[in-house]
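Please open the structure in the viewer and keep the sequence panel visible. The tour proceeds by selection, one region at a time.

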Amino acid sequence: MAAKHIIVIGGGPGGLAAGMLLQSKGFQVSVFEKQPYVGGRTSRIEKDGYVFDRGPTFLNMPHILEEAFQESRRDLHDYVTLKKIEPMYELVFNDLSFFPTTDKQEMYDRIKKHFPGDEDGYYAFMEGTKKRFDKLMPILQNTHGQWRDYLRLRTLKAVPQLALGKSLYDVLSDYFTDERLKLTFTFQSKYLGMSPWNCPGAFSILSYMEYEYGVFHPLGGMNQLSEAMAEAIREDGGAVRTGTGVKRVLVEDGRAVGVELDSGEQVAADEVIINADFAHAASTLFEKGELKKWNQKKLDSMEYSCSAFMIYLGLDTIYDTQHHTIVFADDYKQNVEEITGTKLLSKDPSIYVQNGSVTDDSLAPEGQSALYILVPVPNNLSKIDWEKEKQRFRDLALDILEKRTAFKGVRDHIVTEMITTPKDWEEDYFVYNGATFNLAHSLDQMMYFRPHNKFEDIENCWLVGGGTHPGSGLPTIIQSARITAGEIKSRQRQGRTAE
């Protein structure tokens, strides 16, 4: 019997992980990626001898990726070298800098020094959130595509941990009194493109995951994870075709039967996995009328995450700073409201900087550095004119860095520079509304209410990535791939049993 042919649309980490898992189990996988490189937002930019990650810049919970490689009969560490970052980052407030660490005693002592009276709240947070994490993980590891999934024991055990009716900020207020310390444990909601004042309280597990498991840098950048999975697929005989866009999914009698490439070539498949940005895929890959639930009206009614204004700088020097630096706006709550609520371009933005060259000398020529700057901004529903605002906002970001961090005089050291705006994310990288963190993670867009791993509208069609269950962020995206691959393998086994 010929191996079932699986087509994966999009070579981001979710699609590559699913492809790796399925190819290693005897399926014949073909990954079609429109760009000339793999990785999607987790890909590599090279310019003038400098190397940048396009999007995500650190790995958390590496054991999830290790497990995916193990399921594929491989060792992740044969492909990439991971370096733990300690301290995890420098957090710059208006009156102090704080350096969080995974060393629990040291973290307790640092909190006691800078935020006296709140130190016991740290241990209480770690203990209480471990319970939440342990109850929620089974939900993140399994499909949630039917109403009856809410009645499963794993879900019933998790419900009390969802902190229903409480925001992430509310939950952290149960542990800490100092506003800066609350932000230390809530800014991670930005990984979902959300405000800690609106983000569901269950996502306190995000900061717990960092403090419990640490943050890691793969030498060469996060892009190396995508390259490793693509290599694994090819090693097992699968195909990863870059520069090969998919025009549409071929549908017959409500079933996906293959794809039509941009070239006009039609390729048949037994199953199709979509790893493209979900809303972009739903609005472009199907003929009008083929999607009933996820039609354009539904897509327009959904809530989308914020976007990111990116500055990539090649410098002729290396600044002696932390690998990761986060600068908080003086009025962080107002800044977040502007990003996610009123959708205004902030005059006092918060800024994230990766100075990866202090850890990894492969990112730039000797004695030089690759500096990555991300500023959370509204998505394109804001109607901000980025052609008009780009230069001014870039100058504002650099002004803040020069004033509030160790990156003094950074303009004087720029050798090469690139900027990516929300407009670019949408037009050049096919991110719907420029919402770089995908669909928002409000309770009405999670679990059953998020697009299902087994796509509801089309039979034999599947989803992986941040736009499906369990959500955004690299660990959860890898989990989406494991869920989808597991469901396809289960269907294969059931088919053989029926025969």
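The stops below cover a sheet, a cavity and several aromatic contacts in this predicted model.

**The sheet.** Begin by selecting strands β8, β7, β16, β17, β18, β15 and β19, in that order. These seven strands form an open sheet with mixed pairing. Turn next to β8 (97-98) and β19 (414-420), which stand at the edges. Each of these two has a single partner strand, so one side of each is left without a neighbour in the sheet.

Within the sheet, select β16 (residues 324-327) together with β17 (residues 351-355). The two strands run antiparallel and are joined by four bridges. Display the side chains of T325 and V353 to see one position in register: T325 stands opposite V353 in β17.

**The cavity.** The structure holds two cavities of 30 Å³ or more. The stop here is the second largest, with a volume of about 70 Å³. Select V51, F52, D53, H217, G221, Q354, L363, A370 and Y372, which line this cavity. Which strand gives the most to the lining? It is β4, with three residues. Both β4 (50-53) and β18 (369-377) supply at least two residues of the lining. By character, the lining residues divide into five nonpolar, three polar and one charged.

**The aromatic pairs.** The count of aromatic pairs in the model comes to 30. Select F187 and F328 to view one of them. The ring centres are 6.0 Å apart and the planes stand at 80°, so this pair is edge-to-face. F187 lies in the loop between α7 (179-184) and α8 (205-213), and F328 in the loop between β16 and α12 (332-340), so the pair ties together parts that are 141 residues apart in sequence. Both F187 and F328 are buried.

Move on to F278 and F455, an edge-to-face pair with 6.2 Å from centre to centre and 80° between the planes. F278 belongs to helix α10 (residues 278-284), whereas F455 lies in the loop between α14 (422-429) and β20 (461-463); the pair therefore ties together parts that are 177 residues apart in sequence. Are these rings buried or exposed? F278 is buried, with a relative accessible area of 5%, and F455 is buried as well, with a value of 2%.

**The cluster and a charge over a ring.** Select Y108, Y122, Y123, F125, Y175, F176, F185 and Y211, which form one aromatic cluster. For the last stop, select K34 and F430. K34 lies over the face of F430, at 5.3 Å from the ring centre.

Conventions: Residues numbered from 1 in each chain as written. Heavy atoms only, no water. Pairing = 2+ DSSP bridges. 1 Å grid on protein atoms, 1.4 Å probe; cavity = no way out; pocket = protein on both sides within 12 Å on 5 of 7 lines; lining within 4 Å. Points joined across faces, edges and corners; volume = space filled by probe spheres on them. Nonpolar A, V, L, I, M, F, W, Y, C, P; charged D, E, K, R; others polar. Phe/Tyr/Trp six-rings, centres within 6.5 Å; stacked < 30°, edge-to-face > 60°. Buried < 20%, exposed > 50% of the residue type's maximum accessible area, 1.4 Å probe, protein only. Lys NZ or Arg CZ within 6 Å of the ring centre and 35° of its normal.
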